[in-house]
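Q: Please take a close look at the surroundings of the ligand. Then turn to how the helices pack.

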Amino acid sequence: MKKIITLLFSVMGISAFSQQAPIYLNPDAPVEDRVEDALQRMTLEEKVAIIHAQSKFSSPGVPRLGIPENWMSDGPHGIRAEVLWDEWYGANWTNDSCIAFPALTALAATWNPSLSELYGKSIGEEARYRNKNVLLGPGVNIYRTPLNGRNFEYMGEDPFLAATMVVPYIRGVQSNNVAACVKHFALNNQEKYRDHINVTISERALHEIYLPAFKAAVQQGKAWAIMGSYNRYKQQHCCHNQYLLNDILKKEWNFDGVAVSDWGGVHDTKEAINNGLDMEFGTWTNGLNFGKSNVYDEYFLAKPYLNLLKSREASEEHLNDKVRRVLRLIFRTNMSPNIKYGSFGSPEHAAAGRKIAEEGIVLLKNDNNLLPIDIDNTKKILVVGENAVKAMTVGGGSSSLKAKYEISPLQGIRLRAGDKAEIKYVSGYESPAVKPQDVKDAQEPQQKKINAEVLRNEAVEAAKNADAVIFIGGLNKNNGQDCEGDDRNSLELPYEQDALIADLVKANPETVIIIISGNAVAMPWVNQTPAIIEAWYNGTEAGNVIASVIFGDVNPSGKLPFTFPVRLQDNGAHAAGDYPGDGENETYHDDIFVGYRWLDKENISPLFAFGHGLSYTTFHYGKATVDKNKMTADEQITVSIPVKNTGIREGAEVVQLYISDKKSSLPRPVKELKGFQKIFLQVGEEQTLTFTIDKNALTYYDDTESAWIAEPGEFEAWIGSSSIDIKEKIKFELY
Ligand code: BGC
């Protein structure tokens with residue numbers, strides 16, 4: 001079209017369109033030129049307008065210049081339903097039912113970066129179709145305590161795993177001209193007291209554990225936006241935190257995107273102006289202006305900022321930096337060339353979600369190969385547990401979705417069994433109902449009168465007559481479970497499930513336990529139960545996925561992205577007595593020893609280890625070799641290991657590389673994950689995997705020098721099937 005107009009203009013003797021049109025409107029002009037051109041055309045008022053919200057999820061463009069609005073959406077598991085202009089409640093549209101993708105814990109459990117890219121691409125297409133140019137996700141806060149209500153939205157306890165998985169997700173999203181807004185930067189590791197708790201932590205733990213995934217998101221993933229967190233660090237709220245936003249994110253990492261506040265996370269105009277925040281979103285600012293007409297004018301970065309600019313207490317040059325970033329976001333997304341249409345609620349997206357979920361499910365235990373269940377020879381199957389029927393795409397806070405459909409586990413099992421087996425269901429336990437966040441006038445859930453004993457007895461009686469029992473329980477998205485806004489109270493399963501499981505297994509030893517959760521749970525019955533699966537929150541296709549794993553159509557290949565401790569005290573944040581802080585402050589005494597790093601140091605056996613996950617086939621690890629056993633900091637070495645599928649069906653194994661520093665000036669974890677590869681092997685097939693180790697895999701962060709140090713000395717490369725199932729160790733030296 002542009003070519004035709006250009007041709008027409010030149011035939012008419014008028015110089016070419018592209019030369020006439022303002023640079024900012026020329027999609028072929030470099031983004032930075034467009035930014036500068038637009039910037040110098042804007043009034044002060046227009047500049048201030050584009051750096052804060054105009055509705056719950058949007059901010060204005062510059063209508064006079066034809067620059068469009070920004071529209072944001074949660075994130076991170078699907079595109080949220082439309083809400084009313086000023087409210088959290090749903091707008092009752094009829095065309096906003098999305099595909100619900102698996103929770104990010106499930107994605108992390110695939111240990112498959114190509115699925116992360118598929119996830120990002122698919123959810124990005126959904127966002128683009130719905131005209132959202134910023135996706136509020138992914139979340140990469142490190143899993144520090146199993147009580148954190150939002151762990152299900154994050155990618156586990158290990159910085160290397162989270163960093164590796166987040167990068168392709170971002171690339172996938174942004175390939176649709178939709179910005180990923182990585183959240184919540186930083187140290188938002190619990191929901192309890194989240195809006196004010198002040199975290200004290202060593203520089204070393206900050207750099208080694210809590211920042212790497214964000215850094216990778218910015219530097220490798222090239223994320224176009226990042227969201228500050230609610231909590232405080234160095235006594236400053238993280239949405240306007242000098243050290244995090246200015247010193248680290250913008251100066252050290254050269255982030256050129258937009259630092260967005262979490263909703264209502266801004267508390268002070270001057271701090272927000274000076275300490276690196278670019279855009280303010282929220283609820284009703286600080287709650288003081290609730291119900292006032294156009295409350296957005298009162299936002300910290302609205303009129304109060306404009307007033308300071310007008311009285312010359314704030315500089316326009318400083319404002320220009322924020323405006324440039326917002327314009328850059330718009331030119332990268334809504335005004336980018338060749339913008340796509342996206343697609344929404346499509347079978348392809350459902351299939352993508354299904355594939356991710358199939359690779360994420362973790363087979364924790366499978367004594368005597370109880371699984372998979374042979375559907376041709378099992379006539380009476382009893383399904384027990386509320387999670388077999390409970391909608392899990394609803395609830396949990398801001399990630400709650402209006403899914404186009406959600407196959408429950410019971411439906412999935414029934415669909416797969418067809419008329420081959422009789423499937424009976426009893427709940428066995430029940431929870432109070434969830435209050436959906438997006439539904440206007442949602443009643444507080446009625447406190448049902450639940451008689452746990454009656455429900456339990458009914459299930460136990462039914463179990464006695466079944467050929468197989470499938471228990472489907474775990475956590476859910478109710479408040480106080482896997483849900484934003486608060487944490488769990490304990491590691492134990494809620495609603496008296498432990499007693500139910502123990503009785504079920506006594507009544508029928510052929511009981512399979514399926515836990516649906518985004519967090520580790522205690523399993524006092526672990527030794528009595530032969531088969532256990534961690535099935536996560538798997539979205540739209542959840543039930544079909546569970547059925548395909550239980551009945552063996554899919555061979556599980558997921559590995560845990562976080563440790564299951566036996567007891568809460570086996571976790572560093574709890575052992576050190578830090579969690580949840582005193583309400584105002586919390587010091588992370590567990591320091592760099594998060595997750596398996598803590599258990600290794602204290603010599604504690606986990607219930608299930610980080611990186612653990614079984615298969616219906618078996619793998620044999622051969623002898624590991626190294627190309628040379630000495631390297632300088634400028635060199636690298638390669639470690640190779642053959643892995644063979646020695647079982648009776650095809651399957652995939654995640655081969656993990658950990659580095660152990662034998663002697664160092666500072667204390668170091670016993671080992672740290674520094675590489676992994678997921679390998680698919682046919683029956684009898686063997687492949688040799690090669691890992692490259694360079695100095696980055698050997699460094700630690702030295703607080704005193706503010707630098708990453710690779711200290712010469714002896715190291716070992718440990719290769720294993722989980723963090724505690726190490727098959728081979730290879731020595732090498734850095735000199
Ligand atoms: C959450 C964010 C979310 C935002 C918008 C906040 O309460 O912490 O993760 O993106 O709300 O819904």
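A: What follows covers the ligand shell, then two helix pairs. The model is predicted.

Start with the ligand. There are 15 residues around it, and the nearest of them are D74, R150, H184, D262 and E484. By class, the shell holds 7 charged, 6 nonpolar and 2 polar residues.

Three of the nearest residues can be described atom by atom. D74 places a polar side-chain atom 2.5 Å from a ligand oxygen. For R150, a polar side-chain atom sits 2.7 Å from an oxygen atom of the ligand. D262 also has a side-chain N or O atom 2.7 Å from an oxygen atom of the ligand. On its own, the ligand has 310 Å² of accessible area, and the protein covers 97% of that.

Now the helices. The first pair is α6, residues 113-129, and α14, residues 347-360. Their axes lie 10 Å apart, and the packing angle is about 150°. Angles over 145 degrees count as roughly antiparallel, so α6 and α14 are roughly antiparallel to each other. The crossing of α6 past α14 is left-handed.

The second pair is α16, residues 452-464, and α17, residues 497-507. Here the axes come within 8 Å and cross at roughly 20°. α16 is therefore roughly parallel to α17, as angles under 35 degrees are classed that way. α16 passes α17 in a right-handed crossing.

To recap, the α6 and α14 pair is roughly antiparallel, whereas α16 runs roughly parallel to α17.

Key:
Residues are numbered from 1 along each chain as its sequence is written. This is a predicted model: local features need pLDDT of at least 70, side-chain atom pairs count only at pLDDT 80 or more; totals for chains, interfaces and linings use all residues. Side-chain values use heavy atoms; hydrogens and water are left out. A residue is near a molecule or strand if one of its heavy atoms lies within 4 Å of it. A polar contact is a pair of N or O atoms within 3.5 Å; within protein, one must be able to donate a hydrogen and the other to accept it, and residues adjacent in sequence count only if both atoms are side-chain atoms. Accessible areas come from the Shrake-Rupley method with a 1.4 Å probe; for residues, only the protein chains shown count as cover. Ala, Val, Leu, Ile, Met, Phe, Trp, Tyr, Cys and Pro count as nonpolar, Asp, Glu, Lys and Arg as charged, and the others, Gly among them, as polar. Axes are lines fitted to C-alpha atoms, for helices over the stretch in contact, and angles run from 0 to 180 degrees between N-to-C directions. Helices (H or I, at least four residues) and strands (E, at least two) are DSSP runs, numbered from the N terminus. Angles under 35 degrees count as roughly parallel, over 145 as roughly antiparallel, 65 to 115 as roughly perpendicular and the rest as oblique. A crossing is left-handed if the near helix is turned anticlockwise from the far one by less than a right angle, and right-handed if clockwise.
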